[in-house]
Amino acid sequence: MSTEFKREERYIVVKLKHLREAQGGRFPDNKIDGLLNYLSATGVDPLEGAMVIEGDWPEYEPAWAMIEARVNGLKARDCALREELAQVCHERDLLAKAIGDAAQKAGITGEGVALTGPMLLMLADDLAEFCIARAVNAECEVTS
């Protein structure tokens with residue numbers, strides 16, 4: 001995205017507890033109802049289905065980070081990266097199995113034995129020697 005995420009002040013939230021304790025006395029419930037009625041009459045309806053996280057709560061910054069990620073489309077990118085990672089892991093597993101099978105056929109490992117780094121180097125050396133011998137044999141056949 002080309003625009004940077006910016007936090008906006010979009011709401012005025014008044015905690016009912018604070019409203020009821022306003023100015024050192026008890027703010028009567030009928031006054032709260034009157035305030036809500038006034039707001040409704042002016043076309044300002046209370047927002048329902050919202051959540052407020054106070055700034056001193058540990059969930060405050062993580063909630064902002066989640067909203068920023070969603071706004072910036074990071075969730076979709078994360079899904080794409082996870083799919084790509086799953087594909088790479090699958091290909092790695094196929095390659096590891098093929099190398100393990102080759103090491104077993106070459107007698108470097110036995111069945112069910114994990115291939116270690118030194119064993120992989122032995123396999124690479126065996127493969128190089130095989131390729132060189134094959135190339136030499138092919139060259140000899142051509143010149144004969």
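The following exchange concerns surface residues and salt bridges in a predicted model.

Trainee: Why is Y11 called exposed?

Mentor: The relative accessible area of Y11 is 59%, and exposed means over 50%, so Y11 is classed as exposed. Y11 lies in the segment before α1 (16-20).

Trainee: Which residues form a nonpolar patch with Y11 on the surface?

Mentor: The patch consists of Y11, V13, L47 and V52, which together have about 450 Å² of accessible area.

Trainee: What makes the contact between E8 and R10 a salt bridge?

Mentor: The closest N and O atoms of E8 and R10 are 2.7 Å apart. A salt bridge requires the nitrogen to be within 4 Å of the carboxyl oxygen, and therefore the pair qualifies. By this rule the count comes to five salt bridges.

Trainee: How do you know that E8 is partly exposed, whereas R10 is exposed?

Mentor: Partly exposed covers values between 20% and 50%. E8 has a relative accessible area of 48%, so it is partly exposed. R10 has 59%, which is over 50%, so R10 is exposed.

Trainee: Where do K97 and D101 lie, and why is their contact called a salt bridge?

Mentor: Both residues belong to helix α4 (residues 74-105), four residues apart, about one turn of the helix. Their closest N and O atoms are 3.0 Å apart; the limit is 4 Å, so K97 and D101 form a salt bridge.

Trainee: Is D101 exposed or partly exposed?

Mentor: D101 has a relative accessible area of 32%, which falls between 20% and 50%, so D101 is partly exposed. K97, at 53%, is over 50% and therefore exposed.

Key: Residues numbered from 1 in each chain as written. Predicted model: local features only at pLDDT ≥ 70, side-chain atom pairs only at ≥ 80, totals over all residues. Heavy atoms only, no water. Patch = residues over 30% accessible without salt bridge, like charges linked within 9 Å, V, L, I, M, F, W, Y side chains within 5 Å. Areas by Shrake-Rupley, 256 points an atom, 1.4 Å probe, with all protein chains shown as cover. Salt bridge = Lys/Arg side-chain N within 4 Å of Asp/Glu carboxyl O. Helix = DSSP H or I, 4+ residues; strand = E, 2+ residues; numbered from the N terminus. Buried < 20%, exposed > 50% of the residue type's maximum accessible area, 1.4 Å probe, protein only.
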